[in-house]
Amino acid sequence: MIFGRSERGKPPVEPVTLKILVAGGFGVGKTTLVGAVSEIRPLRTEELLTEAGRPVDDTSGVEGKNTTTVAMDFGRITLREDLVLYLFGTPGQERFWFMWDELSEGALGAVVLADTRRLEDCFAAVDYFERRSIPFLVGVNCFEGAPRYPIEDVRAALDLDDGVPLLMCDARDRESVKEALIGVVQHAMAYAAGQRHTVTT
């Protein structure tokens, strides 16, 4: 770049920026997902779990976890020259859910992470986005040692509408996370097109 123009004389591309939320229960891998794919050093608001929080912090199934997100995680990924995603990881614990309304303002869509060992922990996120008509997909984070179930069994257990994408992913793997993010962008665009069609007919 020289004085705001590319070396070939073409004006720089002004990218479209989209906001994507990453939601789910406590310890499901939201911070890991944002960190795995972000091209900048992620902003994290993690604090150590304390004895005072022990009665409300259910760590069963994630006994090794000793920190929690208290506000948000933030990262950025450029999918194409003209498309940049801003990722906002929501806090997973109920006492921090008041942050969700602020974080969801202007969001294109969301990835809801699920853990088959604690599937009920993602119900609140699924319900939140359904009630607000925010398009989302569910990514089942494939933890080592976690039971594996057929995708349709997971869909039935979550009582998802047929139109909600559901996929297996690994929150630690950049390419797996990119697939999930591309999936939610495509789903959100199709959802928006469907909404426009409904309004015009």
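S38 is a buried residue, with a relative accessible area of 11%. Keep in mind that this is a predicted model. S38 turns up in the loop between α1 (30-37) and β2 (43-48). Beyond S38, there are aromatic rings to look at, and the structure holds 6 aromatic pairs.

**Around S38**
- The side chain of S38 reaches two backbone atoms: the oxygen of I40 at 2.8 Å and the nitrogen of R76 at 3.1 Å.
- If you skip the neighbours within four places in sequence, S38 is in contact with G75, R76 and R174.

**F74 and Y86**
- One of the aromatic pairs joins F74 and Y86, and this pair is stacked, at 5.8 Å centre to centre with 25° between the planes.
- F74 belongs to strand β3 (residues 67-80) and Y86 to strand β4 (residues 83-89), so the pair ties together parts that are 12 residues apart in sequence.
- F74 comes out as buried at 18% relative accessibility, while Y86 is partly exposed at 28%.

**F129, F136 and their cluster**
- F129 and F136 make a tilted pair, because their planes sit at 35°, and their ring centres are 6.1 Å apart.
- Both rings belong to buried residues: F129 has 1% relative accessibility, and F136 has a relative accessible area of 4%.
- W100 and Y128 join F129 and F136 in one aromatic cluster.

**Charges over rings**
- K19 has its charged end over the ring of F88, 4.8 Å from the ring's centre.
- R117 has its charged end over the ring of F143, 4.5 Å from that ring's centre.

Definitions and conventions: Residues numbered from 1 in each chain as written. Predicted model: local features only at pLDDT ≥ 70, side-chain atom pairs only at ≥ 80, totals over all residues. Heavy atoms only, no water. Helix = DSSP H or I, 4+ residues; strand = E, 2+ residues; numbered from the N terminus. Buried < 20%, exposed > 50% of the residue type's maximum accessible area, 1.4 Å probe, protein only. Polar contact = N/O pair within 3.5 Å; in protein donor to acceptor, adjacent residues only side chain to side chain. Contact = heavy atoms within 4.5 Å. Phe/Tyr/Trp six-rings, centres within 6.5 Å; stacked < 30°, edge-to-face > 60°. Lys NZ or Arg CZ within 6 Å of the ring centre and 35° of its normal.
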